[in-house]
Each structure stands twice: as C-alpha cells, then as structure tokens.
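User: I have a model open and would like to understand the labels put on its residues. Could you walk me through the reasoning?

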Amino acid sequence: MISTKYSRDKVWIDLGDFMVLKKICSCGKYITQKERRCSNCSLKYKEKKKEFNKIYNSKNRDEDIDAFYKSSDWVITRDYILKKYHNYDLWEYFINNDDTKVANTVHHIEEIKDNYDLRLEEYNLFPVTAKSHMKIHKLYRKDKEGTQEKLKEIIKLARKEFLIY
C-alpha cells in the first residue's frame, strides 16, 4: 500500500519497506529532489526562455557584441576562464563563503559596450552563476565603479587562493 505525507512543496511516499522524498512540480506532478521541473514544464520553460531571449536580443543587443558571443574566440576563452577557477562562482565563493555554486557564465568586469578591447582579457573576466551575474548587474546600477573594484579585488584573492600566476 502506498501512502503519502505532505509538507509544503515536498511529499513523502511510503512504499512499505522505505519512504521516498519527492518534490511537487508547479504543475502538481511528483519529481525527484534533483529535478527543478518535470519534463513537460522543462520544455515549456525552455521555449519561454528562448522566446524571451529572442525578443531581448532583437531589442537590446548590439550586432557586433552578439556576433562576438557566438565566436569561437569567446567560446574558447569562456571555457578556459571557467576551468581556470575550477568552475567556482567567485562571487558566491568570496562574498558568501559558498563553494557549492558552479559557475556557468563569465561576466565582463568592464562591459564590452564600455571597452570592447578588454572582451578577451583574463583580468576582465569573472566566472559566476546566472543568479550572481544578475546580482552583479543590479549592483552596477547602484555603484558600477565600486562593484567593479570589488570584482577586481576578488580576482586577486582567487588568483592567490587557487595558486594562479
């Protein structure tokens, strides 16, 4: 007999000999703890995100900058920076003392639109998660120069911490 116990967005399913903890997707389906969404919701999310990015890019992106992000030079440099810092989100690592966040984005300390010549310079590239990237850009709106200085300090700390010369 299968019984269930609910608590907020999680559910314990009693399978007799053992219990399994599941999450509840926004659509109501049970999903594993590792999943963020069920397969149907994941497809819908990806389609919405793709459409949003298409609209955003058509209105906000400069064609030269967009082409740069698709270039092999950027892809190689981005992968190199992520590996160089062991895929750590340096913001989370040094600001929040959290070494569990895996970087999937590389932020330009001095933005490309402000200084195109620094687009591939290692000292200008900062590995982060998408969430940290959004936090940094939010801080840029309040105090861009101060945030940039903080990021440069973190790069120096990371180079010492990870023995990068």
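Analyst: Happy to! A salt bridge here is a Lys or Arg side-chain nitrogen within 4 Å of a carboxyl oxygen of Asp or Glu. Keep in mind that this is a predicted model.

User: What makes Asp 66 and Lys 70 a salt bridge?

Analyst: Their N to O distance is 3.4 Å, and the cut-off is within 4 Å, so the pair qualifies.

User: Why is Asp 66 called buried, and why is Lys 70 called exposed?

Analyst: Asp 66 has a relative accessibility of 18%, and buried means under 20%, so the label fits. Lys 70 comes to 64%, and exposed means over 50%, so that label fits too.

User: How do you know that Glu 122 and Lys 84 form a salt bridge?

Analyst: Their closest N and O atoms are 2.4 Å apart, and the limit is within 4 Å, so this pair counts. Glu 122 sits in the loop between strand 5 and strand 6 and Lys 84 in helix 3, so the bridge ties together parts 38 residues apart in sequence.

User: Why is Glu 122 called partly exposed?

Analyst: Its relative accessible area is 33%. Partly exposed covers what lies between under 20% and over 50%, so Glu 122 belongs there. Lys 84, at 11%, is buried.

User: What makes the phi of Asn 87 worth pointing out?

Analyst: Phi is near 60° there, a positive value in a residue other than glycine. Asn 87 is found in the loop between helix 3 and helix 4. His 86, in that loop as well, also has a positive phi, about 55°, and is not a glycine.

Definitions and conventions:
Residues numbered from 1 in each chain as written. Predicted model: local features only at pLDDT ≥ 70, side-chain atom pairs only at ≥ 80, totals over all residues. Heavy atoms only, no water. Helix = DSSP H or I, 4+ residues; strand = E, 2+ residues; numbered from the N terminus. Buried < 20%, exposed > 50% of the residue type's maximum accessible area, 1.4 Å probe, protein only.
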